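Got the viewer open and a selection box ready? Let's take a walk through this one, stop by stop.

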There are 2 protein chains.
Amino acid sequence: MLETIRKKLSSAGLEAYIISYGNRFIGQDVLPQEHKLSAVCGFTGSAGAAVITQNKAFLLVDGRYELQASLQVNTEQFTIVPAIPSLLSVCSLLKDENITKIGCDFWNYSIAEINFIKKRFKDIELEDAGNWIAEAEHQDVCIFSRDIKYCGMTREDKCKLVARFLQEQQADYFLFTSSDSVSWLLNIYAKDLPYSPVVRAYALVDIDGNFRLFGNKLKAEFTTESFDDLRQFFENCGSKKILYAANSTPEKIKHFINEETKFYARDDMCQILKAEKNQTELNGMIKAHIRDGVALVKLLNWLEKNPQQTELSVVAKLHDLRAEQKDFFSESFATIAGFADNGAIVHYQPTEQTNKSLQNGNILLLDSGGQYFDGTTDITRTISIGNPDAKIIRDFTYVLKAHIALASARFPLNTGGTKLDAIARAPLWQHCIDYKHGTGHGVSCFGNVHEGPISISIAGSNYPFKENMVTSIEPGIYVNKQYGIRIENLYYTSKVEDNPDYLEFKCLTVVPIDKHLIDKYLLSGGEQQWLNNYHKYVYDCLSAYVNEDERKWLEKACSPL
Amino acid sequence: MLETIRKKLSSAGLEAYIISYGNRFIGQDVLPQEHKLSAVCGFTGSAGAAVITQNKAFLLVDGRYELQASLQVNTEQFTIVPAIPSLLSVCSLLKDENITKIGCDFWNYSIAEINFIKKRFKDIELEDAGNWIAEAEHQDVCIFSRDIKYCGMTREDKCKLVARFLQEQQADYFLFTSSDSVSWLLNIYAKDLPYSPVVRAYALVDIDGNFRLFGNKLKAEFTTESFDDLRQFFENCGSKKILYAANSTPEKIKHFINEETKFYARDDMCQILKAEKNQTELNGMIKAHIRDGVALVKLLNWLEKNPQQTELSVVAKLHDLRAEQKDFFSESFATIAGFADNGAIVHYQPTEQTNKSLQNGNILLLDSGGQYFDGTTDITRTISIGNPDAKIIRDFTYVLKAHIALASARFPLNTGGTKLDAIARAPLWQHCIDYKHGTGHGVSCFGNVHEGPISISIAGSNYPFKENMVTSIEPGIYVNKQYGIRIENLYYTSKVEDNPDYLEFKCLTVVPIDKHLIDKYLLSGGEQQWLNNYHKYVYDCLSAYVNEDERKWLEKACSPL
């Protein structure tokens with residue numbers, strides 16, 4: 001593979017070729033057979049960038065994936081570079097190597113990213129070299145509509161919001177290129193991807209609220225079109241004014257635009273609209289989380305009574321228990337089940353080769369989620385197996401303190417996520433501990449389990465928090481070669497009752513937090529009270545939906561500290 | 001005044017004229033007779049911007065000064081706009097007014113700020129209209145050198161650091177335009193400004209470490225030059241490569257530059273070097289704070305025994321007590337002494353008109369500081385007068401919790417100030433309370449009481465914290481028309497003993513925190529311990545330097561909760 005790429009470099013007169021994780025659906029996850037990094041170097045994580053020169057090859061991965069990359073990739077061929085795998089990082093690295101003639105596939109990079117790079121690196125020649133990695137054949141994408149009882153708003157009403165915005169902007173069209181925006185806007189979904197029900201397609205909405213849908217092999221109850229049709233539209237649209245989202249629209253699209261056409265960047269309004277859940281979506285999220293909680297409680301009770309398990313057998317059982325739940329559609333991402341040292345690999349997923357038996361005296365980190373027609377879940381529980389030692393219990397309690405610090409925080413309306421991030425980290429910093437991932441991410445209601453524009457992280461988006469936004473809170477501690485701990489719940493923001501200028505978090509996730517791992521003497525009175533209240537709420541939500549054996553387990557798991 | 005400006009607008013063909021707070025020493029405070037905003041509209045605060053059009057006039061001030069501006073300014077003539085008074089805010093406001101032809105004095109705005117505005121507002125024509133406000137005549141500036149026993153490093157050694165940087169950059173000169181950089185670099189000071197000992201001048205350092213000093217009427221033991229000499233230097237310097245700091249160098253300077261000259265922006269290296277105090281400076285800061293603490297303890301004991309005071313009599317007494325201390329040079333800013341509702345005005349300074357008597361049942365907010373040859377202090381204490389009510393005691397205790405939250409925090413080396421800010425605010429946010437000012441600012445060692453590049457604030461610099469940096473921590477609560485509370489100490493950063501990747505704060509300020517205002521039942525065990533440890537340290541530092549009467553007062557003030 002490297003040899004082929006290097007031959008192409010020579011014939012194209014380039015010094016380096018960059019391979020991204022994604023494709024023309026920027027920011028969306030890809031199918032295993034579409035995973036170009038996996039094809040090039042074996043790395044299967046869901047973020048990364050490779051760059052190949054005549055005599056070197058680099059794989060850039062962020063902190064979550066450093067360990068995984070070192071296990072999956074031939075490090076004699078590829079140097080693994082710990083960095084946010086953005087085009088900025090790649091170009092900085094290439095600049096240090098004195099490389100300036102660089103090729104990549106302009107379908108895979110947004111207009112915003114290419115603009116930024118061209119401004120930042122005046123001496124770099126970045127050109128569209130197309131795709132050099134063999135592509136899997138496209139399969140039919142069968143589109144279905146999601147019922148209004150789940151969506152809370154018709155596609156007509158949503159498109160009218162877009163039309164109204166176009167009128168305000170005196171524009172003719174809005175091109176939506178983000179898959180989750182398109183799905184939310186038109187209430188259309190598909191089972192194309194294993195973990196996200198979104199339709200990978202672009203939507204063009206006009207000033208009357210009519211829409212056209214463009215993609216590969218789309219099958220729907222309405223007419224759909226190909227990317228070639230989109231190209232033709234652009235070539236013939238004359239002096240129209242078209243708005244687009246610069247963060248998700250590929251640079252390649254610019255090549256289709258006429259000189260006459262007014263092609264203006266705007267924020268993707270669907271991203272912002274869908275982040276603030278409507279009441280139907282919020283009710284759905286609450287109900288989906290109760291069913292998800294039932295599945296988890298069944299799993300935890302089963303595991304206690306049948307402790308001879310492996311990571312993979314737990315993953316399989318959890319899948320079956322979720323699948324039994326009403327309105328289950330799919331998992332929301334590949335379950336992470338990391339026992340002992342596997343738990344220290346932040347985005348570890350067990351395989352036949354790495355699968356571990358659960359043995360006495362350590363912990364299982366279990367991060368999983370479900371897509372239900374009425375909502376999306378994402379939960380991490382760290383589960384004691386036998387009698388973990390005092391150091392694990394101390395670290396788990398620290399993580400719980402960090403979780404509670406943010407979960408119980410109030411903060412001014414419109415506070416940005418980078419500020420909230422420090423509130424969760426501060427209790428760990430106190431012990432000189434940190435974690436190399438974000439504290440929280442937005443979550444769709446039946447869509448991507450990670451969605452913008454909010455984010456609770458040091459370097460992420462500082463988008464202001466509004467009411468009814470859903471976020472995870474998931475601090476952790478990872479001790480390399482020993483264990484990993486993470487406690488993750490989803491929450492939605494709600495106005496403080498007697499002061500609408502402040503927000504607080506209301507919990508969606510209802511699953512007990514393992515008390516075997518808590519040293520109550522490390523918790524303050526307020527923290528103990530938070531946990532006891534949470535467990536009472538969990539019991540009240542779930543007890544009616546489990547059998548008597550499970551109810552007894554739940555009662556004990558939810559009893560006060 | 002407004003009429004004159006409006007006539008000038010007409011004759012200059014402009015639609016608006018902007019008046020800034022500052023002059024060609026950007027970011028430095030100004031003398032009262034140089035205060036252009038005061039001349040134009042009566043506002044005397046130390047940040048602001050006025051803009052005058054043919055039929056409107058605006059004064060932009062930030063949250064600290066909103067109340068003060070509304071008291072000082074004729075609001076029939078001027079609309080007070082609460083906003084960070086940057087050129088960005090002014091131009092945004094003018095854009096909303098459909099005004100595009102704007103004049104200002106290019107000596108008063110940095111190259112960075114003008115560049116930013118020109119990029120941001122493509123349709124605005126911003127031009128150099130010169131200064132339209134009558135200037136006070138310049139007085140002689142008598143420069144003295146500060147002893148090496150205070151500085152810890154000679155000007156020759158500091159200039160050699162600059163020379164080494166110039167060699168690395170293959171440049172010929174570095175132009176320093178920030179007064180505190182110039183003073184620190186050359187160890188030169190003056191009594192030109194009432195509160196800052198810096199020399200308002202520009203320094204040009206060459207590749208051999210030689211320097212030239214440019215300013216208005218400078219008198220020194222070495223040769224100094226005028227700004228006209230600087231202009232001539234630029235006009236004749238041919239193809240030399242000159243580095244400058246874009247944030248402090250006036251746009252006007254660009255007009256002097258030849259086409260051949262290479263004029264490149266770099267970070268002001270003195271700002272960064274001087275923020276990390278050397279051991280001599282740190283020892284000086286510690287000693288200066290002990291003397292400052294002695295002055296404050298004498299004041300607090302005196303006030304308890306002589307309670308019939310006014311804001312102004314407290315200010316005068318405090319000045320006298322500081323002035324008695326060894327190595328005292330000046331106050332570091334105009335003392336803020338705000339009793340009751342005056343305390344709610346964040347940067348209030350008492351005048352004969354506003355002066356209040358201290359009466360039973362409220363609190364005095366006292367924010368003050370000293371310049372000593374060995375260090376600079378800045379402290380706020382909120383002092384009970386008689387028996388303040390439970391609401392004041394509750395709020396004071398909340399502010400103390402916020403102060404302790406950050407003062408006792410540990411955090412990774414290189415953490416930015418915007419993250420630390422949330423740690424202090426979180427305990428107040430919990431009660432839906434916030435304060436409209438930063439949590440902390442950098443402090444010089446004998447220089448500006450506010451110095452960059454660090455800052456602990458929501459919108460401020462996110463410059464990474466290193467070892468031996470000095471910052472204030474000063475959360476507050478302000479209840480309009482009732483009272484103001486602030487608790488401010490200075491701290492320096494120090495590496496955590498057993499983990500050099502983490503920093504913690506070591507306290508410089510040693511003055512008791514008023515226990516009459518603390519509800520100990522609102523404090524956690526850890527918070528109570530922090531306060532008791534702090535008070536024990538204060539007593540140990542000061543008890544040997546006060547008389548027996550004061551020692552008894554101190555002993556009681558520092559006894560455990």
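Start in chain B and select B:Ile363 together with B:Ser384: in this predicted model, the two are bridge partners, with B:Ser384 sitting in strand E21. Now widen the selection to residues 362-368 and 379-385 of chain B. You have strands E18 and E21, which run antiparallel and are joined by seven bridges. Is E21(B) enclosed or open to the outside? Six of its seven residues are buried, so this strand is largely enclosed by the rest of the structure.

Stay in chain B for another sheet. Select E16, E19 and E20 of chain B: they make an open sheet of three strands, in the order E16-E19-E20, with antiparallel pairing. The edges are held by E16 (328-331) and E20 (375-376); each has a single partner strand, so one side of each is left without a neighbour in the sheet. Zoom in on E16(B) and E19(B), residues 370-372, and you'll find three bridges in the antiparallel sense. For one pair to click on, try B:Glu331, whose bridge partner in E19(B) is B:Gly370.

Next, hop to where the chains meet. Which element of chain A gives the most to the side that touches chain B? First, get the overall count: 20 residues of chain A are in contact with 20 residues of chain B. On the chain A side, the elements giving two or more residues are strand E22 (410-412), helix H15 (417-429) and strand E29 (499-507). H15(A) gives the most, with eight residues. Colour this side of chain A by residue type and you should get twelve nonpolar, four polar and four charged. While you're looking at the two chains together, note that the model scores ipTM 0.89 and pTM 0.92.

Now hide chain B and colour chain A by domain. The domain assignment gives domain 1 (2-128), domain 2 (141-273) and domain 3 (276-557). Between domain 1 and domain 3 of chain A, the C-alpha centres lie 33 Å apart. The two do touch: six residues from domain 1 and six residues from domain 3 take part in the contact. On the domain 1 side, those residues divide into two nonpolar, three polar and one charged.

Keep chain A on screen and select residues 548-557, which is helix H17. Its buried residues are A:Trp553, A:Leu554 and A:Ala557. Turn the view until you look down the axis of H17(A): the buried residues fall within an arc of 100°, so they line one face of the helix. What do they pack against? Show helix H12 (279-305) and helix H16 (525-542) of chain A, and you have the packing partners. Then spin round to the face turned away from the buried side, where the exposed residues A:Glu548, A:Glu555 and A:Lys556 are carried.

One last click: A:Gln359. You'll find this residue in the loop between strand E17 (336-339) and strand E18 (362-368) of chain A. Buried or exposed? A:Gln359 has 12 C-beta neighbours inside 10 Å, so it counts as exposed. Add A:Thr310 to the selection: A:Gln359 and A:Thr310 are 49 residues apart in sequence, and their C-alpha atoms are 8.9 Å apart in space.

Before you close the viewer, colour chain A by confidence. The chain averages a pLDDT of 96, and 100% of the residues score at least 70.

How values were computed. Residues numbered from 1 in each chain as written. Chains lettered and ligands numbered in written order. Predicted model: local features only at pLDDT ≥ 70, side-chain atom pairs only at ≥ 80, totals over all residues. pLDDT = per-residue confidence, 0-100. Contact = placed C-beta atoms within 7 Å. Helix = DSSP H or I, 4+ residues; strand = E, 2+ residues; numbered from the N terminus. Nonpolar A, V, L, I, M, F, W, Y, C, P; charged D, E, K, R; others polar. Buried ≥ 20, exposed ≤ 12 C-beta atoms within 10 Å, placed from the backbone. Arc of directions from axis to C-beta. Pairing = 2+ DSSP bridges. Domains from an automatic or database assignment.
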